[in-house]
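Reader: Please take a close look at the aromatic side chains in this model. Walk me through how they pair and what surrounds them.

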Amino acid sequence: QVQLVESGGGLVQAGGSLRLSCAASGRAFSSLPMGWFRQAPGKEREFVASISTSGTSTYYADSVKGRFTISRDNAKNTVYLQMNSLKPEDAAVYSCAAGSAGTVAYTMRNNYGIPYWGKGTLVTVSS
């Protein structure tokens, strides 16, 4: 089992920045691809970013490419999402997810069969 706890959400003005963190406990964090998803009110959950086990490969939704950066620190069992140039449409509950060992981080964008989820942290962007 893997437990995921997000932090770092809050209220920010448009154009501002936030850094989300996701602390993992349980089985070997470094063997799991990690990702961030978000869900706005009335909308389906959507893929934001994912990162390979080593951190060398990262993948982004087109809507956040160039503004968001995903990273991980395997020594701290933590994955991060640095969000810059935030827009009102970025407002959502952001959830951390861990894929199964042996899966490819790129496939997390399909939001299929992901076994581990955090409860989420709320990001509000004022215009």
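Author: Tyrosine 106 counts as partly exposed, because its relative accessibility is 42%. Tyrosine 59 is partly exposed too, at 22% relative accessibility. The cut-off for buried is under 20%, so tyrosine 59 does not count as buried. Keep in mind that this is a predicted model.

Now the pairs. The count comes to three aromatic pairs. One of them joins phenylalanine 37 and phenylalanine 47. Their ring centres are 5.7 Å apart. The planes meet at 75 degrees, and the pair is edge-to-face. Phenylalanine 37 sits in strand S4 (residues 34-39). Phenylalanine 47 sits in strand S5 (residues 46-51). Ten residues separate the two, and the pair links distant parts of the chain. Both phenylalanine 37 and phenylalanine 47 are buried.

Tyrosine 59 and tyrosine 106 pair as well, with ring centres 5.3 Å apart. Their planes stand at 75 degrees, so this pair is edge-to-face. Tyrosine 59 belongs to strand S6 (residues 58-60). Tyrosine 106 lies in the loop between S9 and strand S10 (116-117). The pair therefore ties together parts that are 47 residues apart in sequence.

Tryptophan 117 comes next. Ring pairs link Phe37, Phe47 and Trp117 into a cluster. Arginine 45 lies over the face of tryptophan 117, at 3.6 Å from the ring centre. A second arginine also covers a ring: the charged end of arginine 72 sits over phenylalanine 29, 4.4 Å from the centre of its ring.

Arginine 72 leads to the sheet. Strand S7 spans 68-73. Four strands make up an open sheet, in the order S1-S3-S8-S7, with antiparallel pairing. S7 is an edge strand, and so is strand S1 (2-7); each pairs on one side only. Neighbouring strands here are turned by 15 degrees against each other on average, direction ignored. Inside the sheet, six bridges join strand S3 (residues 18-26) to strand S8 (residues 78-83). Alanine 23 has threonine 78 of S8 as its bridge partner.

Strand S3 also carries one end of a disulfide. Cysteine 22 in S3 bonds to cysteine 96 in strand S9 (residues 92-98). The sulfur atoms are 2.2 Å apart. The two cysteines are 74 residues apart. The torsion about the S-S bond is about -80 degrees, so the disulfide is left-handed. Cysteine 22 and cysteine 96 are both buried. A search of the whole structure finds one disulfide.

Note on methods
Residues numbered from 1 in each chain as written. Predicted model: local features only at pLDDT ≥ 70, side-chain atom pairs only at ≥ 80, totals over all residues. Heavy atoms only, no water. Pairing = 2+ DSSP bridges. Axes fitted to C-alpha atoms, helices over the stretch in contact; angles between N-to-C directions. Disulfide = S-S within 2.5 Å. Buried < 20%, exposed > 50% of the residue type's maximum accessible area, 1.4 Å probe, protein only. Phe/Tyr/Trp six-rings, centres within 6.5 Å; stacked < 30°, edge-to-face > 60°. Lys NZ or Arg CZ within 6 Å of the ring centre and 35° of its normal.
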